[in-house]
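Grab a pencil and work through these exercises with the model open beside you. Try each task before you read its solution.

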Amino acid sequence: MNTNNYWEKRLKGFELEAYFNEENKEEFSEATTYKEDKIFATEELLKLLHDIAPSDKAKYMVLLSVLGVLIQKITSKSEALICTPLFSLKEESSVFKKTIPVRISNTNKLTLKALLIQLISCLKADFENENSLIDDVWNKKLNATKIGMYLKQIQVDNFSQSNYPDLQFIFSANNELSLEIKCNSDCYNFNYIREIAKRYFILLKTILVQKDKQLKDCLLTTEEELQELKLFNEQPKEQTYTKKLNKLFEEQVSKSPKALAIKYKESELTYEELNAKANQLANYLLKQGLRSNEMVGVYLDRSIETMIGLLGILKAGGTYLPMSPQFPKERVDYILQKAEVKILLTHQELLKTSFSFHGKVLDINTPEITSESPNNIESNGLVEEIAYCIFTSGSTGTPKGVMVSHKSVINLVNGLKEKVYHNLTSQLRVAMLASHVFDASIQQIFGALLQGHSLYIASQEECSAGNNLLNFYEKNNIQLSDGTPTHFRLLVRELEEGYQFKEFKVWILAGEELPKKVIAHFFKKVNGEIQIFNMYGPTETCVDSTYYPLLKKEIEKQAFIPIGKPLPNERVYITDAYGNLMPIGIIGELIIAGDGVAHGYLKEEKLTGEKFRKNWIRGEEKVYKTGDLGMWLPNGNLKFVGRKDDQIKLRGYRIEFGDIENSILSFHAVKEVVVDLREYKNEPCLVAYCVVKENNDMRNIRDFLSNKLPEYMIPSYYVELKELPLTTSGKLNKKILPDPEINVTEEHKLPENKTEEKLLTIWSEILNLEKEKISTDASFLTLGGHSLMAIQIANNIKKNFEVPITLVETFQQATIQQQAKFIEAKQWLKESSSTMSEESKLEIDI
């Protein structure tokens, strides 16, 4: 055998990663700190092991095999690599040799016997080629944090300095069976490693007792633990879902017809008025040929008309499909075509963009609607019918439509009523921050209108800047609001020490991970009792599936904010890659079952089958595999850990990197691209790393993407690379991608007047950039700006120059030079107008 390339072939395609690194590591110290612990097995288990593997070397093979299985189960990977000191398989005595890496692959469908046969065959070849394993191979192929293992009876700590493991499993199987762990706490969380080690002997016993069972079906949990996990999910409540959302709304109208239902800016409607207008629209839609369960496109901005549109479609027996005028034309065209929309509800003034749409376009303000009957429509239908279809970012480059039933929304409202609203007054003033194109709006709209509360719709400007949001709450005496941690962070920045809200009672936060320090900062600043709930749930399970009430007195004691416990009639499980339940304290995939689970994806049968699994968990007909990682805590709360894939949440928006990458690849200049989420200047941002084709440039990439992607999905920075960095096995190596950097060029423009100087100071503070790096002719988008920052700039312009500027105008005047000219022109007009005599005004009017 040619030994020169044996190890190259043996390790080909293997991607060594730091195992078990999902849990936060302990604080880094300059001196390497190793922590140790020892776990003992029962005499019964030692006897079981001895019966199957009488010799020390046989015990070693079994213990090594089971460690490989444990690693694969915990990490949901198909391979494990363990470093172990060698000994001779042939001789009676143990002859110690150098350390080798043992590769254990694809164990899940094997039995213990099959795995041992495979492992022995591989080890014989490894032993024969030990001399060709040089340090160069270790450095190039095996340079991540390593796992080591040895059995004391036949091996010693024979690791060299170049391959010393950061995590060691040291077994003893003589008079007693024990496992000692030795862990570098700079690389691993020692407490989490200890939890994993506790699982080893449970898994070993299962495998030895059920020798003929496939290893994927061998559990890490005992029967007692499985019973305890069942108690973490409440028993399903007896629910009778007989009435659809529109009928439940009509019942609320009959209870409080004169109560305020909805308000946006200066416009408002009572329950009676909102119901009548929705009925008129429903009758008009039916006359236009709307059929039961047919999708109606809703192409509208935040407004009362939008709420009338959603309710009117439901009353007519349709399904509403929300879209935003801020969506690029290409995205709207795709959604309309995918859903086979025949009726599009909009404002006439929003139709300046020409869509590739050949159905009926209806103006929601047409006088013909007001001539229709305002009375309730007698309609039948099942609660399992689809109420809405919301499109979210998709990994394949195109968005996917999530279809959610009336039943799921009703279940959500009932859960909120029981866990959130139960201690509150009969009629609340509820804020709606989310646009109707995002699933958070479902919770706000129906959580308010099905319970008789008043819904106050915030404008884009009001919910995108802290001081505007605070003014919105106080002006309208808001008592309950939900939003993202980004909204919450913006608000907290504006609060002064000792702030007292007028009537605010409850914050519901969801959509992204909630940092403890933001909550602690809020409670420190605010006087009075305000209840905060941290909620969790994907679009596919109807907004929220878990809840966690935060208490001011306990926040300082907590290391992190859990996502809590399942809402009523929602059930959450933590499983491995094969649907086996993971024990308390061990990370797995979050799986959700219950009445909130959506129907699936619109015309995506394959994807629906992959994500909405039947019989994944015993006793559950259908579950949704979230792709999120989490773990159970001993008190029955859930901890969110991260993602299995490249899906992220940024400022509350759900984003798939593949969606962005496919759009960038369609740009003529780009040969290869990878998108990543980075933190730059303490601000999370999207960065696109591009390999540019020869004799091409990226100058117009933003304009190009603005016609394909929503603003929140367009990367803030673009880094040009000669080639994408790869690992030794040929896979993309994101870890060594450079951070974005803004460089000063020869064309850098300095401020030329006081207005530009003042604007430069504003930009520097909001963008968190040194003034020297901001050219007055540079777009704030190229400097890492986004819509929330644009609103902050607009607010500062109004405050410092007494010149109002809209969000649209801020994007149109995107450089300091353009904004300075805009401000000076507005100021000149204002001054000219104030000095003009009534006579001259009259002449100009004439």
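Before we start, helices (H or I, at least four residues) and strands (E, at least two) are DSSP runs, numbered from the N terminus. Axes are lines fitted to C-alpha atoms, for helices over the stretch in contact, and angles run from 0 to 180 degrees between N-to-C directions. This is a predicted model, where local features need pLDDT of at least 70 and side-chain atom pairs count only at pLDDT 80 or more, while totals for chains, interfaces and linings use all residues. Residues are numbered from 1 along each chain as its sequence is written, and side-chain values use heavy atoms, with hydrogens and water left out.

**Exercise 1. Work out how H8 packs against H13.**

Step 1: Find helix H8 at residues 245–255 and helix H13 at residues 406–419. Their axes are 9 Å apart, and the packing angle is about 45°.

Step 2: Put a word to that angle. Under 35 degrees counts as roughly parallel, over 145 as roughly antiparallel, 65 to 115 as roughly perpendicular and the rest as oblique. So H8 is oblique to H13.

Step 3: Look at who touches whom, with contact meaning heavy atoms within 4.5 Å. H8 brings Leu-245, Asn-246 and Leu-248, and H13 brings His-406, Val-409 and Ile-410.

Step 4: Sort those residues by class. Ala, Val, Leu, Ile, Met, Phe, Trp, Tyr, Cys and Pro count as nonpolar, Asp, Glu, Lys and Arg as charged, and the others, Gly among them, as polar. The contact of H8 with H13 has four nonpolar, two polar and no charged residues.

**Exercise 2. Describe how H14 meets H13 and H10.**

Step 1: Take H13 and H14, whose axes lie 10 Å apart at an angle of about 70°. That makes H13 roughly perpendicular to H14.

Step 2: List the touching residues. From H13 come Val-409, Leu-412, Val-413 and Leu-416, and they meet Ile-442, Gln-443, Phe-446 and Gly-447 of H14. Here the split is six nonpolar, two polar and no charged.

Step 3: Now turn to helix H10 (residues 304–315) and helix H14 (residues 440–449), whose axes cross at roughly 75° and come within 13 Å. H10 is therefore roughly perpendicular to H14.

Step 4: In this contact Met-307, Leu-310, Leu-311 and Leu-314 of H10 meet Ile-445, Phe-446 and Leu-449 of H14. By class you get seven nonpolar, no polar and no charged residues.

**Exercise 3. Trace the sheet of nine strands and the helices on it.**

Step 1: Follow the order E8-E7-E16-E15-E17-E19-E21-E22-E23; this sheet is open and its pairing is mixed. Two strands pair if DSSP finds at least two bridges between them.

Step 2: Spot the edges. Strand E8 (267–270) and strand E23 (565–566) each pair on one side only.

Step 3: Zoom in on one pair. Strand E21 (residues 531–536) and strand E22 (residues 546–550) are antiparallel over five bridges, and Phe-533 stands opposite Pro-549 in E22.

Step 4: Add the helices. H14 packs on the sheet, touching strands including E7 (260–264) and E15 (429–432), and its direction makes about 160° with that of E15. Helix H16 (residues 485–494) lies across E17, E19 and E21, at about 135° to E19.

**Exercise 4. Which strands stand at the edges of the sheet E32-E33-E34?**

Step 1: Start with the layout: three strands form this open sheet, with mixed pairing.

Step 2: The edges are strand E32 (670–680) and strand E34 (717–721); each has a single partner strand, so one side of each is left without a neighbour in the sheet. From one strand to the next, the twist averages 25°.

Step 3: Check the pairing of E32 with strand E33 (residues 683–692): 10 bridges join them, and they run antiparallel. Tyr-680 has Glu-683 in E33 as its bridge partner.

Step 4: Place helix H19 (residues 657–665), which lies across E32 and E33 and runs at about 140° to E32.
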